[in-house]
Amino acid sequence: MEDISLAARMRQSKPDLIQLYSAATPNGIKVAAALEEIKDLRSTTEVFDYEPHSINLREGETRHEPFTKISPSGKIPAIYDPHGPHDKPISIFESGAILMYLGEKYHELLSDTDPILRAETIKWLFWGSAAISSQFKLFGFYYKYCPHNLPYCVNRYSSECHRLLSVLEGQLKHGKDWIVGDMYTIADISIWPWVHAMYDNYGDAASAAFNNFKGYPYVSAWYHRCLARPASQRSLDVTPFIFEK
């Protein structure tokens with residue numbers, strides 16, 4: 001019988017690669033999407049790969065070793081890079097920090113030649129990691145998962161999500177494909193999985209609470225461009241949810 005214990009699933013079969021420990025949450029999908037993009041963008045010059053490991057959130061595996069040795073906060077996603085700065089191993093947790101690390105190490109998703117573009121990317125990365133992530137997550141909890149009926153909380157966080165969508169809509173009115181212009185970056189990757197959650201993770205939220213984003217045509221078009229990328233499609237299945245005990 002196959003061993004599906006946490007220790008077995010965290011075991012490294014390719015220890016020379018970046019190790020991803022995650023699940024198919026919006027924050028987890030962010031890191032998988034970045035790694036898959038790097039794989040695609042580097043495919044003509046080198047072989048880039050990583051090793052994913054699914055973490056069972058329902059069983060509380062994030063609170064136990066060996067996961068907490070990599071992510072002391074007990075949250076997914078986390079990565080372990082055996083070839084970090086100066087070729088020394090490093091573990092990183094928090095999705096925004098991981099995206100920043102990957103952007104710094106592999107420059108396809110964060111400019112290392114244009115300081116203005118770099119600053120714009122980091123600005124929107126932090127906005128996505130701090131504002132979008134927290135408020136969309138709270139909306140999703142009260143809308144779908146909270147065991148109590150709390151209309152005030154649903155309305156409160158729905159209103160804040162609408163405000164944030166308006167901010168993103170205004171930024172995308174520059175008429176270019178991506179948040180900071182012509183370059184697809186870690187800023188886009190930090191945000192589109194949360195829009196996707198309204199369709200995929202939170203029941204009928206996209207249609208019932210946000211009218212399928214018809215009030216945000218630039219956001220809607222941008223989201224569908226992001227989702228259509230082959231790396232984005234693959235990222236949805238990199239670390240699938242585990243439901244078995």
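Good morning. I begin with a definition: a residue counts as buried when its relative accessible area is under 20%. The structure under discussion is a predicted model, and that term will return at several points.

Let me apply the definition to the cysteines. Cys153 has 17% relative accessibility, and it therefore counts as buried. Cys146, at 15% relative accessibility, counts as buried because it too falls under the cut-off of 20%. How many disulfides does the structure hold? The number is 0. For Cys146, the nearest cysteine sulfur is that of Cys153, at 7.1 Å. Why is there no bond at Cys153? Its closest cysteine sulfur, in Cys146, is 7.1 Å away, which is too far for a bond; a disulfide would require the two sulfur atoms to lie within 2.5 Å.

I turn now to the chain as a whole. The secondary structure consists of 10 helices and 4 strands. Followed along the sequence, these elements give the pattern α-β-α-β-α-β-β-α-α-α-α-α-α-α. Burial can also be stated for the entire chain: 51% of its 245 residues count as buried.

As to overall dimensions, the C-alpha trace spans about 50 × 45 × 25 Å along its principal axes. The radius of gyration is 18 Å, and this agrees with a compact globule, because a globule of 245 residues would have a value near 18 Å. The accessible surface comes to about 12,000 Å², and carbon and sulfur atoms account for 54% of this area. If we take the contacts between residues at least 6 apart in sequence, 69% of them join residues at least 24 apart.

The next subject is the sheet. The 4 strands form an open sheet with mixed pairing, in the order S2-S1-S3-S4. Which strands lie at the edges? They are strand S2, residues 50-54, and strand S4, residues 90-93, each of which pairs on one side only. On average, and with direction ignored, neighbouring strands are turned by 15° against each other.

As general background, the strands of a sheet pair through backbone hydrogen bonds, in either a parallel or an antiparallel sense. In this model, strand S1, residues 18-22, and strand S3, residues 78-81, are antiparallel and share 3 bridges. Within this pair, Gln19 stands opposite Tyr80 in S3, and Tyr21 has Ala78 in S3 as its bridge partner. Strand S3 also runs antiparallel to S4, to which it is joined by 4 bridges. Here Tyr80 appears again, standing opposite Ser91 in S4. Tyr80 thus faces Gln19 on one strand pairing and Ser91 in the other.

A helix accompanies these strands. Helix H4, residues 95-105, lies across S1, S3 and S4, and it runs at about 135° to S4.

Finally, I would draw attention to one residue in another helix. Thr121 belongs to helix H5, which covers residues 115-145. Is Thr121 buried or exposed? With 0% relative accessibility, Thr121 counts as buried, because that value is under 20%. What does Thr121 touch, beyond residues up to four places away in sequence? Its contacts are Leu109, Leu110, Val180, Thr185, Ile186 and Ala187.

To close, I return to the definition with which I began. Under it, Thr121 is buried at 0%, Cys146 at 15% and Cys153 at 17%. Thank you for your attention.

Terms used:
Residues are numbered from 1 along each chain as its sequence is written. This is a predicted model: local features need pLDDT of at least 70, side-chain atom pairs count only at pLDDT 80 or more; totals for chains, interfaces and linings use all residues. Side-chain values use heavy atoms; hydrogens and water are left out. Two strands pair if DSSP finds at least two bridges between them. Helices (H or I, at least four residues) and strands (E, at least two) are DSSP runs, numbered from the N terminus. Axes are lines fitted to C-alpha atoms, for helices over the stretch in contact, and angles run from 0 to 180 degrees between N-to-C directions. Contact means heavy atoms within 4.5 Å. Buried means under 20% relative accessible area, exposed over 50%, partly exposed in between (1.4 Å probe, protein chains only). The radius of gyration is taken over C-alpha atoms; the globule rule is 2.2 Å times the number of residues to the power 0.38. Accessible areas come from the Shrake-Rupley method with a 1.4 Å probe; for residues, only the protein chains shown count as cover.
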